[in-house]
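This report looks at pairs of oppositely charged side chains and asks where their partners sit. Please keep the sequence and the model side by side while reading.

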Amino acid sequence: MAISNAPSQVATSALQAIPFSSMIGGPLKACIEAQAMAAKTTWDFIQEVGLNVDPQTGEKSAVNVAFSFLQNGRMVQLNVPLLTIVPIPYIAIHSIDINFKASISASSSSVSEQTESTSMGGSADISTGVKIGPFHMDAKLNANYSSKKDSKATEESKYSVEYTMDIAVKAGQDSMPAGLAKVLELLGNSLDVSDPKGTLELNASELKVGEKLIVTYKNSDGLFAPEAITCEENKLALAVEGDYAAVVVETPGTYQIKAGERTVRVEVVNE
């Protein structure tokens, strides 16, 4: 009896039926989705932690952290963009290792056994009266026949399929994109030390009639605020010109220029 090849065919079919595309593509798709989630987390962190949104205009501005410290015998205030002093989560997948192992075994066995036996014998009873001279002879014949035949056949087939897969994903803090790094560089360059009471400066403390007075003022946040500059008793009509306020002085005298908590004096004299 020939050994059956059915188990090997079943095992081959089982190997062909393994979903390699989903087993390999599934982890890859999951990693891509995880990377997209990580990028969204970074963006959400920047918006929620590092930016302020004006509820009326929707305009976004960087969140600044201000604190005071002693410098050269005077208290000064440091204004720092928050995004430059906190770590921004930027997780990236560095490598994906997919190890796959398939174990398929098949076996078939066949046993055939056949036994045959045959026996034969003969006898006969013949009564005859043959007489030869003084002798008499009797003949007897007895015959029989028997036959035996046994057969046995067994067949056994076995197969098994087993596969395992190990997945290792390595991720870590990645370098920032060039655009985000440039933004943080610009924010870092914007670090400014300001006076908690503001800073009020003149282009000159003494002017001649007909000369232009230019006044600049930075508030406690280090921002130019020319609209806050005024002259005592409104003796001078200062006009805002960009980041400063200016006026051409036509009358000699002493003028008190004020902004915030700061006050300076300017002398205007005849030529």
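Which residue forms a salt bridge with R262?

## A pair across the sequence

In this predicted model, the partner of R262 is D195, and the closest N and O atoms of the two side chains are 2.9 Å apart. R262 belongs to strand 15 (residues 262-269), whereas D195 lies in the loop between strand 7 (192-194) and strand 8 (199-202), so the salt bridge ties together parts that are 67 residues apart in sequence.

The two partners also differ in their surroundings, since R262 is partly exposed at a relative accessible area of 29%, while D195, with 8% relative accessibility, counts as buried because the cut-off for that class is under 20%.

## A pair within one helix

K40 forms a salt bridge with D44, and here the closest N and O atoms are 3.0 Å apart. Both residues lie in helix 2 (residues 20-50), where they are four residues apart, or about one turn of the helix. K40 is exposed, with a relative accessible area of 52%, whereas D44 is partly exposed at 23%.

## A further pair and the total

R265 forms a salt bridge with E267, with 3.9 Å between the closest N and O atoms, a separation that is counted because the rule accepts pairs within 4 Å. R265 is exposed, with a relative accessible area of 51%, and E267 is partly exposed, with a value of 28%.

The count for the model comes to six salt bridges, among them the pairs R262 with D195, K40 with D44 and R265 with E267.

Note on methods
Residues are numbered from 1 along each chain as its sequence is written. This is a predicted model: local features need pLDDT of at least 70, side-chain atom pairs count only at pLDDT 80 or more; totals for chains, interfaces and linings use all residues. Side-chain values use heavy atoms; hydrogens and water are left out. Helices (H or I, at least four residues) and strands (E, at least two) are DSSP runs, numbered from the N terminus. Buried means under 20% relative accessible area, exposed over 50%, partly exposed in between (1.4 Å probe, protein chains only).
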